[in-house]
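Thank you all for coming. I would like to take a few minutes to walk through one model with you, and please stop me if anything is unclear.

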Amino acid sequence: MARIDEIAPDLFRICIYLPHIDLQFNHFLIRDEQPLLFHTGMRRMFPAVRDAVARLIDPASLRWISWSHFEVDECGALNDWLAIAPQAQAVCSQVGVLVNIEDFADRPPRGLTKDDVIDTGRHRYRYVPTPHLPHGWDAGVLFEERDGVLLCSDLFHQLGDVEPVTSQDVLGRWDTAVATYQNHPILMDYVPLTPATRRRLEELAALKPRLLAAMHGSSFAGDGAAALREAGDMLEKRLGADLC
Ligand SMILES: [Fe+2]
Ligand SMILES: [Fe+2]
């Protein structure tokens, strides 16, 4: 059963917690004139996420379906959504369109480049490409300008069944998650540290987000710029030994 919380005006966090991996999966619905879903969820999660969306809007009225990078929790159920929402269009990075979605999606997608905007009516979501942050060549995030919301995908990934929104130390929780995965034989190297990592985090910090809407864990309400800059320190400290 999904938990639904309105974490910013018209922005709903639809959370499904999987106890066996101690991880929340958050899907964000923007209830606006042209509804936007950020993260489709996995295919097997589709019925639960669809039913949660149906408590907020008619799922058939979805107009935009977006995500950060090509992984099943980000966009695995894309075609299930396209099947029930005839006006909906997939929208992601140009790279994502070229390397995956043009073939993967059952209808033609829309590709975004830097500063392209998805206008949902009351809200405008600006696209910021972030290749390889948190991971994936095709990665990017959306920034809502009026309320300062950054839909930040796997950035600030936290373990556990945590509260919808917090002003507490999400960076410490992300550090714990990175450390836990680094010590895992399969999940290690989840976040690459590259020469561009700092610069991309700084680009996001310059947006001065006031809410970091994380895919896994609590959304962070507070000084998002400071948290993003400190994230660079954390990643270098935690992963820097891997640089050569
Ligand atoms: Fe991911
Ligand atoms: Fe994820």
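I will begin with the metal sites and then turn to a pair of helices.

Please keep in mind throughout that this is a predicted model, and that the values I quote are computed from it.

Let me start with the iron ion (ligand 1), which is coordinated by His69 through NE2, Glu71 through an OE atom, His135 through NE2 and Asp154 through an OD atom, at 1.9 to 2.2 Å. Along the chain, these donors follow the spacing H-x1-E-x63-H-x18-D. Why do we call the arrangement around the iron ion (ligand 1) irregular? The 4 donor atoms subtend angles of 87 to 157 degrees, and because a tetrahedral site would need all angles between 85 and 135 degrees, that label is not available here. As for the surroundings of these donors, His69 is buried, with a relative accessible area of 1%, whereas Glu71 is partly exposed, at 32%.

The second site is the iron ion (ligand 2), and here the coordinating atoms are an OD atom of Asp73, an OD atom of Asp154, SD of Met215 and NE2 of His216, at 2.2 to 2.5 Å. The spacing of these donor residues in sequence is D-x80-D-x60-M-H. This arrangement is irregular as well, since the angles subtended by its 4 donor atoms run from 86 to 178 degrees. Two of the donors, Asp154 and Met215, link distant parts of the chain, being 61 residues apart: Asp154 sits in the loop between strand E11 (149-151) and strand E12 (165-166), while Met215 sits in the loop between strand E13 (211-213) and strand E14 (219-221). Asp154 counts as buried at 1% relative accessibility, and Met215 is likewise buried, with a relative accessible area of 1%.

Which residue, then, coordinates both iron ions? That residue is Asp154, and the iron ion (ligand 1) and the iron ion (ligand 2) are 3.8 Å apart.

Finally, I would like to look at the helices. The axes of helix H5 (residues 170-182) and helix H7 (residues 224-239) come within 10 Å and cross at roughly 25 degrees, and H5 and H7 are therefore roughly parallel to each other. Their crossing is right-handed. On the H5 side, the contact is made by Leu171, Trp174, Asp175, Val178, Ala179 and Gln182, and on the H7 side by Ala227, Glu230, Ala231, Met234, Leu235, Arg238 and Leu239.

Conventions
Residues numbered from 1 in each chain as written. Chains lettered and ligands numbered in written order. Predicted model: local features only at pLDDT ≥ 70, side-chain atom pairs only at ≥ 80, totals over all residues. Heavy atoms only, no water. Donors = N, O, S within 2.8 Å, 3.2 Å for Na, K, Ca; no water. Tetrahedral: all angles 85-135°; square planar, octahedral: opposite > 155°, others 65-115°. Buried < 20%, exposed > 50% of the residue type's maximum accessible area, 1.4 Å probe, protein only. Axes fitted to C-alpha atoms, helices over the stretch in contact; angles between N-to-C directions. Helix = DSSP H or I, 4+ residues; strand = E, 2+ residues; numbered from the N terminus. Parallel < 35°, antiparallel > 145°, perpendicular 65-115°, else oblique. Left-handed = near helix turned anticlockwise from the far one by under 90°. Contact = heavy atoms within 4.5 Å.
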